Amino acid sequence: MNIDQLAAGYEFPQASCELNTSVVTSYLEAVSRQSEGDRVVDGFVPPLAIAARAMTALMKTLALPPGSIHASQDFEFLKPVPVGSTIVCGGRVSQRVNRGRLNLLAIEMEALNQDNEKVLTGKATLVLPG
């Protein structure tokens with residue numbers, strides 16, 4: 001989908017993400033296991049790994065133009081997610097602002113576990129060249 005087609009209220013298609021050992025290991029290698037919050041504790045997925053997978057799932061439907069910037073994010077982690085779980089990620093465009101050559105895109109998202117319970121809610125803001 002082209003970014004110009006997005007308007008406030010647009011609902012992203014839901015996507016499933018399996019958070020298996022391979023996914024978690026790849027995430028930990030990517031962040032070099034430097035942060036206390038980025039490690040597997042008692043078989044649970046690091047919270048930021050969940051957020052990364054949710055963002056990736058939503059962004060797969062977009063063709064972001066070169067020069068796009070992930071400007072901010074705010075996540076709330078509601079429940080621990082065991083390694084091996086599958087989550088369903090969804091989101092919607094909550095705001096779209098055009099300011100000359102810059103566009104701001106605010107996205108609200110959530111992830112549900114296998115029991116249909118929310119495990120993550122959040123917002124992200126992207127700055128896109130116009």
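## A loop residue with positive phi

In this predicted model, N116 is an exposed residue, with a relative accessible area of 60%, a value that places N116 in the exposed class because that class begins over 50%. The residue sits in the loop between strand 4 and strand 5, and its backbone is notable in that phi is positive, at about 65 degrees, although N116 is not a glycine. For context, most residues other than glycine have a negative phi.

## Overall fold and dimensions

The protein chain is built from 2 helices and 5 strands, and, read from the N terminus, these elements follow the order β-α-α-β-β-β-β. The radius of gyration is 15 Å, close to the 14 Å that the globule rule gives for 130 residues, so the protein chain is as compact as a globular protein of that length. Taken along the principal axes, the box filled by the C-alpha atoms is roughly 50 × 30 × 20 Å.

Of the 130 residues in the protein chain, 34% are buried, while the accessible surface comes to about 7,300 Å², with 48% of that area belonging to carbon and sulfur atoms. Among the contacts with a separation of 6 or more, 68% are accounted for by residues 24 or more positions apart.

## The largest nonpolar core

In soluble globular proteins, nonpolar side chains tend to be buried together. Here the largest nonpolar core has 32 residues, and the members that touch the most other members are I87, L105, I107, M109 and L120. Two or more residues of this core come from each of strand 1 (15-19), helix 1 (21-30), helix 2 (47-59), strand 3 (85-99), strand 4 (102-112) and strand 5 (118-129), and helix 2 gives the most, with 8 residues.

L120, one of the core members named above, illustrates how separate stretches of the chain meet. When neighbours within four places in sequence are left aside, L120 is in contact with I50 and A51, with F75, E76, F77 and L78, and with M109, E110 and A111. This list includes M109, which is also among the core residues that touch the most other members, and it includes F75 and F77, whose rings are taken up next.

## Aromatic pairs

The structure holds 2 aromatic pairs. In one of them, the rings of Y10 and F12 have centres 5.3 Å apart and planes at 80 degrees, so the arrangement is edge-to-face. Y10 is partly exposed, with a relative accessible area of 22%, whereas F12 is buried, with a relative accessible area of 4%.

F75 and F77 form an aromatic pair that is tilted, with 6.1 Å centre to centre and 40 degrees between the planes. Here too the partners fall into separate exposure classes, in that F75 counts as buried at 16% relative accessibility, while F77 is partly exposed, with a relative accessible area of 33%.

## Salt bridges

Side chains of opposite charge can pair when their charged atoms come close. The count in this model comes to 3 salt bridges. One of these joins E117 with K79, the closest N and O atoms being 3.8 Å apart. E117 lies in the loop between strand 4 and strand 5 and K79 in the loop between strand 2 (69-77) and strand 3, so this pair ties together parts that are 38 residues apart in sequence. E117 is partly exposed, with a relative accessible area of 31%, and K79 likewise counts as partly exposed, at 35% relative accessibility.

In another salt bridge the side chains of R92 and E108 meet at 3.2 Å, N to O. Because R92 lies in strand 3 and E108 in strand 4, the pair ties together parts that are 16 residues apart in sequence. R92 is partly exposed, with a relative accessible area of 29%, and E108 is partly exposed as well, with a relative accessible area of 27%. E110, one of the contacts of L120, forms a salt bridge with K118, in which the closest N and O atoms are 3.4 Å apart; E110 counts as partly exposed at 27% relative accessibility, and K118 is partly exposed, with a relative accessible area of 42%.

Technical notes
Residues numbered from 1 in each chain as written. Predicted model: local features only at pLDDT ≥ 70, side-chain atom pairs only at ≥ 80, totals over all residues. Heavy atoms only, no water. Core = buried A, V, L, I, M, F, W, Y, C linked by side-chain atoms within 4.5 Å. Buried < 20%, exposed > 50% of the residue type's maximum accessible area, 1.4 Å probe, protein only. Helix = DSSP H or I, 4+ residues; strand = E, 2+ residues; numbered from the N terminus. Contact = heavy atoms within 4.5 Å. Phe/Tyr/Trp six-rings, centres within 6.5 Å; stacked < 30°, edge-to-face > 60°. Salt bridge = Lys/Arg side-chain N within 4 Å of Asp/Glu carboxyl O. Rg over C-alpha atoms; globule rule 2.2 N^0.38 Å. Areas by Shrake-Rupley, 256 points an atom, 1.4 Å probe, with all protein chains shown as cover.
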